[in-house]
Amino acid sequence: MPFRMEKERTVATPYLLIDEEKNYMKLEGRCFDESMGLFFKEILDWLDIYLETDFGEFTFDNATEYFNSSTTKLLLKMLLKMDKYASDTKKIIVNWITIEENEIMVECGEDFMEELENIEFNIVIVD
Amino acid sequence: MALNLKQYSEMLKENSVQVVYSGPIWSNGIASMADMLIKRLEYDDMPFRASQAVFSVFVEQINNMMMYTAEKEVRAEGNSDPKEMPMGIFVLGIKENNYFIQTGNLVSNANAEILKSRIDHLNSLDKESLRKYHKTKVREEDNNKDSKGAGLGLIVLARQTRSPMKYEFVRHDDEHQYFSLYLDIR
């Protein structure tokens, strides 16, 4: 059975969807809870297994509107892990979805993009 | 004699203070305080850019206080083991259409020195240098588990403030100083 996990959004933790059948992951909301370390550990543990498979093409939509400084590190760590696996046969697309006014998120996306070599990283500005 | 609330509320008004919180700061409490703050910012109808900056400074500064404060209360939260609860005061105000955040907490002499040198350094950097410095630190601290993100939070503050961060340390006793930080939000 392909792995699937969905978590409801709270004030301080984001909505999370991992849908292995669709080779898809999504984050949406705000991340600043003390538990974000554990939250990302679960994702990283799943990625460790998933990225070893022949998934073909995987898409991660990041629509978080705010994350605190410790989550910034966790997110980069996760993206670097994805970047290590991304290749011609394992295509990884990251859509960094934000509104233009969210300067913090736009700048963070630009800074992350510079760190990544193999991922197709798109900054998607929405209304 | 009870607290003179009329006087107190006039004093807050004179100083353009909108929100005050004084007492223990704990992780579950932060979420509810943040929730209240988000609603307040929506009510004030501030541009997204400003409210995002206020929110970000709020989260990082509360976190800094939890990390550096010397005054702690030990209390059990729910069914978990007793925890040390950092104490502090947090103030949000609006002066001439700009938000400011002021915080106060007790720190050890050693932490006072660390804070002083870090803030002075950050105050000396311009916007672009702060962005680069932040970027380096995000990468770097990944390998340093002991740092608990310390330092990164202060950089976020520096990036979201309009003018240099103002601070004051007042002697409390031989080992502690009272640390006040004043931040003008961009």
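1. Two strands count as paired if DSSP finds at least two bridges between them. That rule applies to the strands of chain B taken up first below. The model is predicted.

2. Strand β5 (residues 166-171) of chain B runs antiparallel to β6(B), and six bridges join the two. Within this pairing, Val170(B) stands opposite Tyr178(B) in β6(B). The connection between β5(B) and β6(B) is a hairpin of four residues.

3. β6(B) also pairs with strand β4 (residues 98-108) of chain B. Here nine bridges are found, and the two strands again run antiparallel. Asn105(B) is placed opposite Phe179(B) of β6(B).

4. How many of the nine residues of strand β6 (residues 176-184) of chain B are buried? Eight are, so the strand is largely enclosed by the rest of the structure. In a regular strand, side chains alternate between the two faces of the sheet.

5. Helix α3 (residues 48-68) of chain B is also mostly covered, with 18 of its 21 residues buried. From its first C-alpha to its last, α3(B) reaches 30 Å, close to the 30 Å expected at 1.5 Å a residue.

6. On the surface of chain B there is a nonpolar patch formed by Leu3(B), Leu5(B), Tyr8(B), Met11(B) and Val20(B). Together these residues have about 460 Å² of accessible area. Helix α1 (residues 5-14) of chain B gives the most to the patch, namely three residues.

7. Val20(B), a member of the patch, lies in strand β1 (residues 17-24) of chain B. Why can Val20(B) belong to a surface patch? Its relative accessible area is 31%, and patches are made of residues with over 30%, so Val20(B) passes that cut-off. Val20(B) counts as partly exposed.

8. How many disulfides does a search of the whole structure find? The result is zero over all chains. A disulfide would need a pair of cysteine sulfur atoms within 2.5 Å. The sulfur of Cys31(A) is 11 Å from the closest cysteine sulfur, that of Cys108(A), and this is too far for a bond. Seen from the other side, Cys108(A) is in no disulfide, and its nearest cysteine sulfur is that of Cys31(A).

9. Are Cys31(A) and Cys108(A) buried or exposed? Cys31(A) is buried, at a relative accessible area of 1%. Cys108(A) counts as buried because its relative accessibility is 11%, and the cut-off for buried is under 20%.

Key. Residues are numbered from 1 along each chain as its sequence is written. Chains are lettered from A and ligands numbered from 1 in the order in which they are written. This is a predicted model: local features need pLDDT of at least 70, side-chain atom pairs count only at pLDDT 80 or more; totals for chains, interfaces and linings use all residues. Side-chain values use heavy atoms; hydrogens and water are left out. Patches are made of residues with over 30% relative accessible area and no salt bridge: like charges are joined within 9 Å, nonpolar side chains (Val, Leu, Ile, Met, Phe, Trp, Tyr) within 5 Å. Accessible areas come from the Shrake-Rupley method with a 1.4 Å probe; for residues, only the protein chains shown count as cover. A salt bridge is a side-chain nitrogen of Lys or Arg within 4 Å of a carboxyl oxygen of Asp or Glu. Buried means under 20% relative accessible area, exposed over 50%, partly exposed in between (1.4 Å probe, protein chains only). The expected span of a helix is 1.5 Å times one less than its number of residues.
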